[in-house]
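Visitor: I would like a close look at a single part of this protein, the one pair of side chains with opposite charge. Could you take me through that spot and then show me how the rest is laid out around it?

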Amino acid sequence: LGAARVVSLDYQQASVETTRLLRKHVQQAPEALGVGNADAWEEVLQGSILDQAFVDDLPRSDLVYSYGVLHHTGDVWGALRNIAPLAAVQNGLLLVSIHVA
């Protein structure tokens with residue numbers, strides 16, 4: 001997508017560590033993986049979308065993407081309320097996928 005900056009987050013520490021390892025590999029061989037700007041992937045954070053103080057410290061972004069995780073929080077509506085303002089006010093895009101059984 002040609003991002004200038006990428007910030008990842010997850011609630012589980014094990015997932016954060018796995019993502020950090022993946023980021024390290026991407027940054028070592030970006031062309032082999034088809035990644036244009038591997039250095040844009042700056043941060044991998046651990047926290048909860050339901051933690052208002054954590055969410056308030058997150059940057060507002062042009063694109064906010066959540067795939068198949070918010071319904072696992074136990075409060076999907078609270079998670080949606082917290083994630084929505086993370087999309088930039090001007091031309092921000094919020095993409096959320098919620099799986100239902």
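Guide: Happy to. Let us start at the pair itself: glutamate 17 and arginine 20 form a salt bridge, and their closest N and O atoms are 3.2 Å apart. Please keep in mind that this is a predicted model. A search of the whole structure finds 1 salt bridge, so this is the one to look at, given that a side-chain nitrogen of Lys or Arg must come within 4 Å of a carboxyl oxygen of Asp or Glu to count. In general, side chains of opposite charge can pair when their charged atoms come close.

Where do glutamate 17 and arginine 20 sit relative to each other? Both belong to helix H1, and because they are 3 residues apart there, about one helical turn separates them. As for their surroundings, glutamate 17 is partly exposed at 40% relative accessibility, and arginine 20 is partly exposed too, at 31%.

Arginine 20 also has a link to the start of the helix. Helix H1 covers residues 13-28, and glutamine 13 lies in it. Beyond its neighbours within four places in sequence, glutamine 13 is in contact with Arg20 and Gln46. Glutamine 13 is partly exposed, its relative accessible area being 39%. The C-alpha atoms of glutamine 13 and leucine 45 are separated by 9.0 Å, although the two residues are 32 apart along the chain.

Following the chain onward, we come to serine 48, in the loop between strand E2 (41-46) and H2. Is serine 48 buried or exposed? Serine 48 counts as buried, because its relative accessibility is 18% and the limit for buried is under 20%. Its side chain reaches the backbone nitrogen of leucine 50 at 3.0 Å. Not counting residues up to four places away in sequence, serine 48 touches Tyr11, Phe54 and Val55.

The same stretch of chain is met from another direction by asparagine 82, which is found in helix H3. A polar atom of the asparagine 82 side chain lies 2.7 Å from the backbone oxygen of isoleucine 49. Setting aside neighbours within four places in sequence, asparagine 82 is in contact with Ile49, Leu50, Gln52 and Val55. Val55 is thus a residue to look for twice, since serine 48 touches it as well. With a relative accessible area of 11%, asparagine 82 is buried.

Now turn to helix H3 as a whole. Helix H3 runs over residues 76-83, and its buried residues are Gly78, Ala79, Asn82 and Ile83. These cover an arc of only 125° around the axis, which puts them on the same side of H3. On the other side of H3, Trp77 and Arg81 are exposed. What covers the buried residues of H3 includes helix H2 (52-56), strand E3 (63-67) and strand E4 (93-97).

Past H3, in the loop that leads to E4, you will find asparagine 91. Asparagine 91 has a positive phi of about 65° although it is not a glycine. That is worth a glance because most residues other than glycine have a negative phi. Asparagine 91 is exposed, with a relative accessible area of 71%.

There is one more pair of side chains to see. The structure holds 1 aromatic pair. Tyrosine 65 and tyrosine 67 form it, with ring centres 6.4 Å apart and 15° between the planes, and the pair is stacked. Tyrosine 65 counts as exposed at 56% relative accessibility, and tyrosine 67 is exposed at 52%.

Finally, step back to the whole protein. Its secondary structure comes to 3 helices and 4 strands, and along the sequence they follow the pattern β-α-β-α-β-α-β. Of its 101 residues, 26% count as buried. Among contacts between residues at least 6 apart in sequence, 64% join residues at least 24 apart. The accessible surface comes to about 6,900 Å², and 55% of that belongs to carbon and sulfur atoms.

Terms used:
Residues are numbered from 1 along each chain as its sequence is written. This is a predicted model: local features need pLDDT of at least 70, side-chain atom pairs count only at pLDDT 80 or more; totals for chains, interfaces and linings use all residues. Side-chain values use heavy atoms; hydrogens and water are left out. Rings of Phe, Tyr and Trp (its six-membered ring) pair if their centres lie within 6.5 Å; planes under 30 degrees apart count as stacked, over 60 as edge-to-face and the rest as tilted. Buried means under 20% relative accessible area, exposed over 50%, partly exposed in between (1.4 Å probe, protein chains only). Helices (H or I, at least four residues) and strands (E, at least two) are DSSP runs, numbered from the N terminus. Contact means heavy atoms within 4.5 Å. The arc is that of the directions from the helix axis to the C-beta atoms. Accessible areas come from the Shrake-Rupley method with a 1.4 Å probe; for residues, only the protein chains shown count as cover. A polar contact is a pair of N or O atoms within 3.5 Å; within protein, one must be able to donate a hydrogen and the other to accept it, and residues adjacent in sequence count only if both atoms are side-chain atoms.
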